[in-house]
Amino acid sequence: MKVKRLIKIFVSLVIIFSNISCDQITKEKVREEISKNETVKVIGDNFILTKVENTGAALSLGENLTPNLKIIFLQVLPLLVLLFMFIYIVKENKISKLNLIGFSFIIGGGIGNIYDRILFNSVTDFMYLEYGFLHTGIFNMADVSVVVGTLLILLNSVILELKKHELKKASL
């Protein structure tokens with residue numbers, strides 16, 4: 001049992017630190033290579049790099065908060081939530097592999113953005129996607145990590161529901 005828990009912690013930490021590293025390396029490269037609000041077309045108008053400093057959360061939510069409230073709502077509370085997520089995945093004996101990976105992605109992405117907020121008082125966002133009427137806000141790799149992690153957790157939920165449905169159907 002202890003070996004299994006240690007492996008789970010190791011896998012989780014590798015995923016978390018890989019996500020943080022990917023996020024921080026790409027942000028550092030953008031800070032060095034792209035001027036503020038410069039536009040670099042990677043794939044026509046569909047994938048654009050442009051550097052912005054976001055002083056709020058997603059879509060600049062909370063950017064007008066006082067400095068103390070920003071620390072509480074954009075650093076302390078998110079850090080506590082991420083800590084509780086990590087404790088959950090370490091202590092939960094029956095966590096699925098998809099949920100373990102998903103929560104680890106979310107934790108890594110969250111830490112990447114919190115690190116920026118603490119160090120720079122803003123988060124460097126730089127990617128924009130547009131395809132037809134679909135388009136994103138400007139985001140970074142930490143945001144990608146959080147979205148991928150969330151999708152993995154949702155996928156796991158769908159798989160569990162399908163299995164339950166199949167078991168129910170088989171017992172009829």
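How many residues does helix H3 have, and what distance does H3 reach from its first C-alpha to its last? H3 has 24 residues and reaches 34 Å, close to the 34 Å expected at 1.5 Å a residue. The model described here is predicted.

## The sheet

Four strands form an open sheet, and their order is S1-S2-S3-S4 with antiparallel pairing. S1 and strand S4 (134–135) stand at the edges with a single partner strand each, so one side of each has no neighbour in the sheet. As a general point, strands of a sheet pair through backbone hydrogen bonds, in either a parallel or an antiparallel way.

Strand S1 covers residues 39–43 and strand S2 covers residues 47–54; the two are joined by four bridges in the antiparallel sense. One bridge links Val-40 with Leu-49 of S2. S2 also pairs with strand S3 (residues 123–131), again in the antiparallel sense, over six bridges. Here Ile-48 has Tyr-128 of S3 as its bridge partner.

## The hairpin and the helix across the sheet

S1 and S2 form a hairpin with three residues between the strands. In this hairpin Gly-44 takes a positive phi near 50°.

Helix H1 is made of residues 2–33 and lies across S2 and S3. The angle at which H1 runs to S3 is about 90°.

## Helix H3 and Asn-99

Helix H3 spans residues 97–120, and Asn-99 is found in this helix. Is Asn-99 buried or exposed? Its relative accessibility is 14%, and because buried means under 20%, Asn-99 counts as buried. Leaving aside residues up to four places away in sequence, Asn-99 touches Ile-153 and Asn-156. Both of these contacts of Asn-99 carry numbers that fall within helix H4 (141–171).

## Two asparagines with positive phi

Most residues other than glycine have a negative phi. Asn-37 is not a glycine, yet its phi is positive, at about 65°. This residue is found in the loop between H1 and S1.

Asn-121 follows H3 and is found in the loop between H3 and S3. Its phi is near 65°, a positive value in a residue other than glycine. Asn-121 has 55% relative accessibility and, because exposed means over 50%, counts as exposed.

## The largest pocket

The volume of the largest pocket is about 610 Å³. Its lining consists of 30 residues. Which of them lie nearest the centre of the pocket? They are Ala-57, Ala-58, Asn-113, Arg-117 and Asp-143.

Several elements contribute to this lining. S2, helix H2 (67–91), H3, S3 and helix H4 (141–171) each supply at least two of the lining residues. The pocket therefore draws on two strands described above, S2 and S3, along with the helices H2, H3 and H4.

Conventions
Residues numbered from 1 in each chain as written. Predicted model: local features only at pLDDT ≥ 70, side-chain atom pairs only at ≥ 80, totals over all residues. Heavy atoms only, no water. Pairing = 2+ DSSP bridges. Buried < 20%, exposed > 50% of the residue type's maximum accessible area, 1.4 Å probe, protein only. Contact = heavy atoms within 4.5 Å. Axes fitted to C-alpha atoms, helices over the stretch in contact; angles between N-to-C directions. Expected span 1.5 Å × (residues − 1). 1 Å grid on protein atoms, 1.4 Å probe; cavity = no way out; pocket = protein on both sides within 12 Å on 5 of 7 lines; lining within 4 Å. Points joined across faces, edges and corners; volume = space filled by probe spheres on them.
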